[in-house]
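Hello,

Here is the structure I promised to hand over. Please open it and keep it in view while you read my notes below.

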Amino acid sequence: MNSHHRLRKNPAALLLSAAFCWSLPAAALEGNEPEQPQSLTDKICFGRPRAQCEVELDVPAACAADGSGTDPSCPIVFFLHGSGGTNTWYPKTSGVHDANMIGVYPQGEGGWNTGPKDTNLCAWDDFECDTDPDEGDFIASIIDEIRALGGTGNVYAYGNSNGAALAHRLASNGGTRLPIKGIIVSVTQLLASPERSGPGSLNYNQPSSTRGTPPVSILSILGDADPVIPYKGGSAGVFGGDQAFQLMSALDSMSYWASHNGCTGKYLSSQHSTNMGDGAATKYDYTPGCPNGIYVEHYAIHGGQHNAGGAEVDGAKIDVLGFVAKVEGETPSPPSSSLPTPTPPTSGCDNDPSWSGKFSLVHTCDYVALNPETRCSFKNHEGVTANDACPGACNTSCSTPPASLSPVASPPVDTSSPVASPSPTCVRCDDLPTPWMVFNGKTCDGSEWLISDKCVVDQNWVTNGYCRSSCYTAGRGYVNEVCCPPPTPPSSCTDCSDDATPSMENNAKTCATSSIESNCYKNDWWRSNNYCQQSCYFAGYGYEGIVCCA
């Protein structure tokens, strides 16, 4: 054990502090504007041995618990930076306002205390130490504060490198204080040893059902040529030569999580393209053998190094919030007997008019009916699924056709003959992505979970006209706008090229990962060279007279 003197808390000071806190009026979770997060620093950091301590809370208006929001049960996502990193960029890049999720951006002490650190005063096995950062208690205290403010949603953690090590540890200590529902981790796997390290009681390095660790969904991405964190496990330089710290191999780590989650351990593998390493990636999906609502997925970037967390797979970066939305949408959650239940339908095929999904009041049974295959699994605040509350939309034996979503629904398409020319009342709709989509390599037609929650009900999207074509196709088009159908039938389509501009090639970009909305048919030089022909067409900016085959 390290013999350094350790600071001890003053009981009288603690009582005085507690009495002061109890005298304060109860606060409520308030919304804030994008890129203007709130500070929890004073409430969380006071009295902790953390020189760099900072905590930012980013709450979309819809998630406020002060009576102004529609859903205080929005998912809560911690964004954990790597060693030597900062929380500076998360307010600009997290995307929580687009997704209606609550972002939490804590600052670590030059990183997170998940292994040997030169700045620690105590040995890693001195669990009573109170001079070194106790990461488990730190994060648990932030969750406690958000709960006290009225935030009731499930908790997730996303981390890169050292931040991913902390995400693994938080999930491994899951329970009442750390109710972690899922983690998204890049370029770090579980430790094989030691069993515990660092201060406090929330310091176990592997999950354990005997300790009561609940199942945790996990999305992981690692490079199999990483010189910093070996894909095959073992010792690593980040541990400063301390051989007590040994990593599992990446696949052993995934198998460990799968086994803990009650999965069979079998996985489906599939091959994909990537923009890093050797240009190839393998996905290992354990989910088919897992209990309903548990997702266990891993991407191996072949030849990828320690920056593999930013790799694009099949032209898109790993969708952190999309994974959270997937876990939220299909996790079973039976209604509590203490909560109200929906009004029973008057007949076997009548929808419950009071039901709406927990993420938006516009997610009514009529909305579910527009895409029942996906939306019948939606739940309301009480955990009642659309499948139960909306039989007219979800029960195939009900013959009543579903109602369309107000105010604008897509017009019926006559499939008996090709459309020779668009209706004079329709307009050519583009598919302008949001800034968050552009930053993360996403497109409107590939972001169904955003389309289902934004479009006509989000004033920022309405003002900027984001994803007009995709919103219209999904039955969520903007008011008084009818998008024109394709002008020619598929039988006369062209096998379009997707040639990048010289500038894209010089910067290792492709048409699919570049911002093209201000060019395509609007740019004479692009038109004369047919740059990005396919991407322009499917983004709604196609060249005159060219219909690209799907």
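**Strand β3 and its neighbours**

Start at Ile76, which stands opposite Ile102 in β4. Keep in mind that this is a predicted model. The pairing of β3 with β4 is parallel and has three bridges. On to β5: five bridges join β3 to that strand, and the two run parallel. One pair to look for is Leu80 with its bridge partner in β5, Gly159.

Is β3 mostly covered or mostly open? Mostly covered: five of its five residues are buried. Here, buried means under 20% relative accessible area. Ile76, Phe78 and Leu80 lie on one side of the strand, and Val77 and Phe79 lie on the other. Both faces are covered.

**The whole sheet**

Strands of a sheet pair through backbone hydrogen bonds, either parallel or antiparallel. This sheet is open, has 10 strands and shows mixed pairing. Trace the order on your screen: β1-β2-β4-β3-β5-β6-β8-β12-β11-β10. Its edge strands are β1 (38-39) and β10 (268-273), and each pairs on one side only.

For an antiparallel case, go to β11 (residues 280-285) and β12 (residues 296-301), which are joined by five bridges. There, Asp285 has Glu297 in β12 as its bridge partner.

**Helices on the sheet**

Two helices to look at are α5 and α6. Helix α5 lies across β2 (54-58), β3, β4 (102-107) and β5. It runs at about 145 degrees to β4. Helix α6 packs on the sheet too, touching β3, β5, β6 and β8. The direction of α6 makes about 155 degrees with that of β6.

How many residues of α6 (residues 162-172) are buried? The count is 10 of 11, and the helix is mostly covered. Among the buried ones are Asn162, His168 and Arg169, as well as Leu166 and Leu170. What do the buried residues of α6 pack against? Their partners are the strands β3 (76-80), β5 (155-160), β6 (180-186) and β8 (217-223), plus the helices α5 (135-149) and α7 (250-260).

**A cavity**

A search of the whole structure finds one cavity of 30 Å³ or more. Its volume is about 70 Å³. The lining has 15 residues, and the closest to the centre are Asn113, Asn120, Trp124, Gly198 and Pro199. By type, the lining divides into six nonpolar, six polar and three charged residues.

Best wishes

Key: Residues numbered from 1 in each chain as written. Predicted model: local features only at pLDDT ≥ 70, side-chain atom pairs only at ≥ 80, totals over all residues. Heavy atoms only, no water. 1 Å grid on protein atoms, 1.4 Å probe; cavity = no way out; pocket = protein on both sides within 12 Å on 5 of 7 lines; lining within 4 Å. Points joined across faces, edges and corners; volume = space filled by probe spheres on them. Nonpolar A, V, L, I, M, F, W, Y, C, P; charged D, E, K, R; others polar. Buried < 20%, exposed > 50% of the residue type's maximum accessible area, 1.4 Å probe, protein only. Helix = DSSP H or I, 4+ residues; strand = E, 2+ residues; numbered from the N terminus. Contact = heavy atoms within 4.5 Å. Pairing = 2+ DSSP bridges. Axes fitted to C-alpha atoms, helices over the stretch in contact; angles between N-to-C directions.
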